[in-house]
Number of protein chains: 2
Amino acid sequence: MHATLSGDVVRAGERARERFYDSSGYGHPVDAGALELAPVEAAHLLYRGDLDSVEGPDGTAMDFRAFLESAAVSEIAFLVYKDLRDRGFYLSPARAGWSDSSAARAAVDDPAVDFVVYPRGSGPWDDEVAYRVGVVSEREAVPAGDLGDLVLAVVDEESALTYLATEHREVSGTSEAELPTGVSGELLSDRLLLWDPPAAVYDRGFYGQPLDDRDGDVIQLSLLEAAFLARDGVLDVDGGAEAVVERGREVEGERFDRRLRVYADLRERGLVPKTGYKFGADFRTYADVESVDDLGHSELLIRVLDGGHTFSPRDLALDVRLAHGVRKEMVFALVDGDINSGGPDDDGIEWLSVTRLTP
Amino acid sequence: MHATLSGDVVRAGERARERFYDSSGYGHPVDAGALELAPVEAAHLLYRGDLDSVEGPDGTAMDFRAFLESAAVSEIAFLVYKDLRDRGFYLSPARAGWSDSSAARAAVDDPAVDFVVYPRGSGPWDDEVAYRVGVVSEREAVPAGDLGDLVLAVVDEESALTYLATEHREVSGTSEAELPTGVSGELLSDRLLLWDPPAAVYDRGFYGQPLDDRDGDVIQLSLLEAAFLARDGVLDVDGGAEAVVERGREVEGERFDRRLRVYADLRERGLVPKTGYKFGADFRTYADVESVDDLGHSELLIRVLDGGHTFSPRDLALDVRLAHGVRKEMVFALVDGDINSGGPDDDGIEWLSVTRLTP
């Protein structure tokens, strides 16, 4: 069977509709019983041998090889389309008119979505969408604002695929500790020492780290912990919270302010953030701390980023792989990101979870 | 017992020599039977209660707290010194005259070394060094040129320690494949397709990735693989190797040249580099490939960097932790780094291995 490329659409005749759309969900029917295919769909039909050739605007007949080498179809979109078909899915390009489902129609308005993938057994005639997929090459920068409710299909330089599911989520926990006020601390170059701390600071609040295992020993606080506790009235330090924040900016620049906002927000949401240094992240978090003697597994790894951040897929792969290996979930805290709510609870932080997906 | 701070040395009397040096390896003996201590050693003796106070230049007596808060001693150096002592090691500051051993004297000339650590049971009077340790805060940038034959003791913002062993190493393998010349390939936007490749290209050489599992199927080459094979005469492509390299520079900038040098060097050393994308690295490598049907575990993860690179300890921690989790060794390829050999085998690439260490 033959078809004709015109603009960004490949048109096939009546028999095509029955053979490709009705039975396998390729393309979308148009008036007069014809079928319109996106170039990536036509490429897949050529690859399978279901189409013999596609006629170009200049009248030449293109086989699979010529079509793939032409500018009509992106090779990485083809690789992803083929992989999802191999996995048993029907899918449509995110184009107006290509699918009846309301979920698919919504995806058309999101420029980051390339394909809408239906649940196995469903197709463009159903009203269900399993994944909204965006196709990127390993070398493309991906704006943080594009992510959330999107499966990123990354094609690496050797043409292998990885799927990353990105979702906005809420974070919350039940950790809270009543602490005394006026605990005295001493600022050193980039940490604070509490020489005579009440036990609850560490034991209940899980703030700081003891210098040693000896009872009643010195507690070392990070600058973030100290700034938070000083603002909260718990910590009493020369120069107040501002002196701690100033020191933080000296050693870390504006990143310190961003991290402090996320630290404070996590604490206020009932999570205990501790350093994620060993995992290459900003924080690991514990959702339900009652006492440090009974500490569970930390659930999240948090990386703090500016809302305008663009991800390199390789860095994303590294973070997500590591988190998976240590049984934690990777969550990016996007500060002053593309916040939608704007309501009274809007703290200017968007939480973006990224996990590996096997469709 | 008391001692006196003068410049960057703390002097203690005759009894100190017997008590601190002879029995525990603190300080170094000077004429007239006195003992000189580095401030960090004095801080540790104060912490243990073995020294009662150190007299400052202005005559005030400092206890542990006052001494640690003074400018005389770095708190992060103290944390590392204390941790190594807790682990049962004797160690000396890397200062001229502090140790008799030739290995320790060599460390004095390396500004990246802060402590020389003796094997357990040995001390400054022996001629053995277990570790040369450099102390850094999590927030410090570490020049690549400082690393190699150095254990980096990283103090994170919450005052916990991680040790990273850095070593220069050689890399080599036994992979080699006889390939035909003149294999024809077609350049797409950022990969190449071999439409009719000889089986050995993939099966023996482990170049590229088949588009499908079907026999005799299309092979997809990365731009790196293609540039290498085109230079080698195996691949025949419009515009030759230069056209592939040009495309690589378009999509990746000068990084492409650096990565191609490392790719070619690895191949010439008998390793098969494949993409390390899933591990967030440039390459994973196989040392002994005879056939893709009998592929072993890949041993190394390679990240390609400019020789003038400075590491953030957090990024290092991330790479090393991930490599450890997937049972591979993390190796940085420093291109045009601080190369010492300069001999005929000097390929301008320095291989730096970084692993976690529990002293």
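**Helix H4 and the ten-stranded sheet of chain B**

In this predicted model, strand E11 (residues 150-155) and strand E12 (residues 161-168) of chain B are antiparallel partners joined over six bridges.

Student: Let's stay with that pair: which residue is the bridge partner of Val155(B)?

Tutor: Val155(B) belongs to E11(B), which spans residues 150-155. Its bridge partner sits in E12(B) and is Leu161(B).

Student: OK, and which strands stand at the edges of the open sheet in chain B?

Tutor: The sheet has ten strands with mixed pairing, in the order E7-E8-E9-E11-E12-E24-E23-E21-E20-E19. Each edge strand has a single partner, so one side of it is left without a neighbour in the sheet. Those are E7 (91-93) and E19 (272-275).

Student: How many residues of H4(B) are buried?

Tutor: Helix H4 of chain B covers residues 75-86 and has twelve residues. It lies across E7, E8, E9, E11 and E12 of chain B. Buried here means under 20% relative accessible area, and residues including Phe78(B), Lys82(B) and Arg85(B) fall in that class. The helix is largely enclosed by the rest of the structure, because the buried count is eleven of the twelve.

Student: Over in chain A, are H8(A) and H9(A) parallel or oblique to each other?

Tutor: Their axes come within 8 Å and cross at roughly 125°. Roughly perpendicular stops at 115 degrees and roughly antiparallel needs over 145. That crossing therefore makes H8(A) and H9(A) oblique.

Student: And how do the residues of that contact divide?

Tutor: Among them are Val244(A) and Arg249(A) from H8(A), and Phe256(A) and Asp257(A) from H9(A). The split is four nonpolar, one polar and five charged.

Conventions: Residues are numbered from 1 along each chain as its sequence is written. Chains are lettered from A and ligands numbered from 1 in the order in which they are written. This is a predicted model: local features need pLDDT of at least 70, side-chain atom pairs count only at pLDDT 80 or more; totals for chains, interfaces and linings use all residues. Side-chain values use heavy atoms; hydrogens and water are left out. Axes are lines fitted to C-alpha atoms, for helices over the stretch in contact, and angles run from 0 to 180 degrees between N-to-C directions. Helices (H or I, at least four residues) and strands (E, at least two) are DSSP runs, numbered from the N terminus. Angles under 35 degrees count as roughly parallel, over 145 as roughly antiparallel, 65 to 115 as roughly perpendicular and the rest as oblique. Contact means heavy atoms within 4.5 Å. Ala, Val, Leu, Ile, Met, Phe, Trp, Tyr, Cys and Pro count as nonpolar, Asp, Glu, Lys and Arg as charged, and the others, Gly among them, as polar. The expected span of a helix is 1.5 Å times one less than its number of residues. Buried means under 20% relative accessible area, exposed over 50%, partly exposed in between (1.4 Å probe, protein chains only). Two strands pair if DSSP finds at least two bridges between them.
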